[in-house]
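Me: I'd like a close look at the inside of this one. Walk me through what is packed in there, with the cut-offs spelled out.

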Amino acid sequence: MIKKVLLTAAICLLLPSQVLARHSNYSPMAPRSISAESSKKDYSYGLTLLPGNSIDSIEAVNRNGPWIVNYMIVDRYFLRPVAHGYSHLPDFTQTGVHNFFANISDLTGTIDNLLLGQFGHSGISLSRFAINTTLGIGGLFDVATSFGIESHPMKMSTVMGRYGVDQGHYLMIPFMGPSTERELHGSIADSWPYMPLNPVLSASLKLLDAIDTRAQFIPQEGVIDNAVDSYAQMRQIYLMYAQGKVDPDAAMKTQEDKNVDEFLDEIDE
């Protein structure tokens with residue numbers, strides 16, 4: 001049984017090109033070449049379809065390996081304590097760090113919005129990056145917003161989703177947290193601003209970004225900690241939030257959960 005699980009995990013991780021295929025409207029397991037008849041068939045092979053047509057095909061591996069490492073060890077003994085300590089820093093320090101990474105997101109958002117044909121949003125993102133990088137001292141200050149130039153964030157994974165690419169396999173990646181095939185490809189594409197940097201500097205910036213992001217989730221920790229099944233709750237919240245960026249209306253159709261609704265609302269505030 002263990003050999004079969006490990007083999008399944010290896011196949012899923014070694015075939016990332018699956019996520020780039022144009023899936024059917026029903027299942028990420030559909031063949032590359034689909035007909036009207038095949039598009040109506042169930043290719044989930046008995047697995048539960050999750051938001052964004054994702055499936056947790058290696059749940060046994062995700063639960064008993066990376067989830068324990070990420071949630072029970074890395075988050076509990078490192079990321080959570082550090083994030084709580086970070087949250088006690090002066091507000092202007094936290095705001096400066098958050099603005100710095102948001103400025104980088106404006107740079108990647110320039111390309112991502114452009115790929116969606118949102119030329120206005122793309123131009124605004126580029127303008128924000130130029131203004132905040134210069135007048136905002138490297139993006140530490142959000143001068144553009146004070147000028148009335150509002151942000152229009154966009155991620156490559158969302159772009160892919162709006163072009164019909166499903167979430168694909170749900171993955172719990174050690175030391176990185178929850179992801180999907182689509183998110184994994186998208187995050188790699190959006191990491192291009194870090195590529196010219198020294199690897200150590202790049203890794204340090206990504207760690208700081210992770211700490212800043214983790215600190216934003218402190219008020220919602222109880223939603224996961226107090227859940228009957230913390231793994232399933234995290235999976236549902238993550239997939240619904242990601243799919244909500246692609247299709248806000250469809251994202252909530254899979255499962256109505258008051259705690260999840262409140263969690264998603266607080267993230268976007």
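Reply: Of the chain's 269 residues, 41% count as buried, where buried is under 20% relative accessible area, exposed is over 50% and partly exposed is in between (1.4 Å probe, protein chains only). Keep in mind that this is a predicted model, with residues numbered from 1 along each chain as its sequence is written, and that local features need pLDDT of at least 70, while side-chain atom pairs count only at pLDDT 80 or more and totals for chains, interfaces and linings use all residues. Side-chain values use heavy atoms, with hydrogens and water left out.

The chain has 13 helices and two strands; these are DSSP runs numbered from the N terminus, H or I of at least four residues for helices and E of at least two for strands. If you take the contacts (heavy atoms within 4.5 Å) with a separation of 6 or more, 66% of them join residues 24 or more positions apart.

Now the core itself. The largest nonpolar core has eleven residues: Leu 79, Ala 83, Tyr 86, Val 97, Phe 101, Ile 104, Tyr 194, Leu 205, Ile 211, Ala 215 and Ile 218. The term stands for a set of buried Ala, Val, Leu, Ile, Met, Phe, Trp, Tyr and Cys residues joined through side-chain atoms within 4.5 Å. Two or more residues each come from α3 (66-86), α4 (91-115) and α9 (199-216). Another core, of ten residues, lies apart from this one, with Trp 67, Tyr 170, Ile 237 and Leu 239 among them. In soluble globular proteins, nonpolar side chains tend to be buried together.

Two α9 residues show the packing up close. Skipping neighbours within four places in sequence, Leu 205 touches Phe 100, Phe 101, Tyr 194 and Leu 197. Arg 214 sits in α9 too, and it counts as buried because its relative accessibility is 11%. With the four-place neighbours skipped again, Arg 214 is in contact with Asp 75, Leu 79, Arg 80, Ala 83 and Glu 221.

Ser 230 is in helix α11 (residues 230-246) and is buried, at 14% relative accessibility. Its side chain reaches the backbone oxygen of Ile 224 at 2.8 Å. Beyond its neighbours within four places, Ser 230 is in contact with Trp 67, Tyr 71, Ile 224 and Asp 225, and Trp 67 is one of the ten residues of the other core.

What about empty space? There is one cavity of 30 Å³ or more, and the largest has a volume of about 40 Å³. On a 1 Å grid over the protein atoms alone, a cavity is a set of points where a 1.4 Å probe fits but cannot get out, and lining residues have an atom within 4 Å of a point. Points are joined across faces, edges and corners, and the volume is the space filled by probe spheres set on them. Asn 99, Ala 102, Asn 103, Asp 106, Arg 128, Asn 132, Gly 139, Phe 141 and Asp 142 form the lining. Helix α4 gives the largest share, four residues, and both α4 and α5 (119-134) supply at least two.

One last α4 detail: Thr 95 is in that helix and is partly exposed, at 40% relative accessibility. Its C-alpha atom is 8.1 Å from that of Phe 141, 46 residues away along the chain, and Phe 141 is one of the cavity-lining residues.

Key:
On a 1 Å grid over the protein atoms alone, a cavity is a set of points where a 1.4 Å probe fits but cannot get out, and a pocket is an open set with protein on both sides within 12 Å along at least five of seven lines; lining residues have an atom within 4 Å of a point. A polar contact is a pair of N or O atoms within 3.5 Å; within protein, one must be able to donate a hydrogen and the other to accept it, and residues adjacent in sequence count only if both atoms are side-chain atoms.
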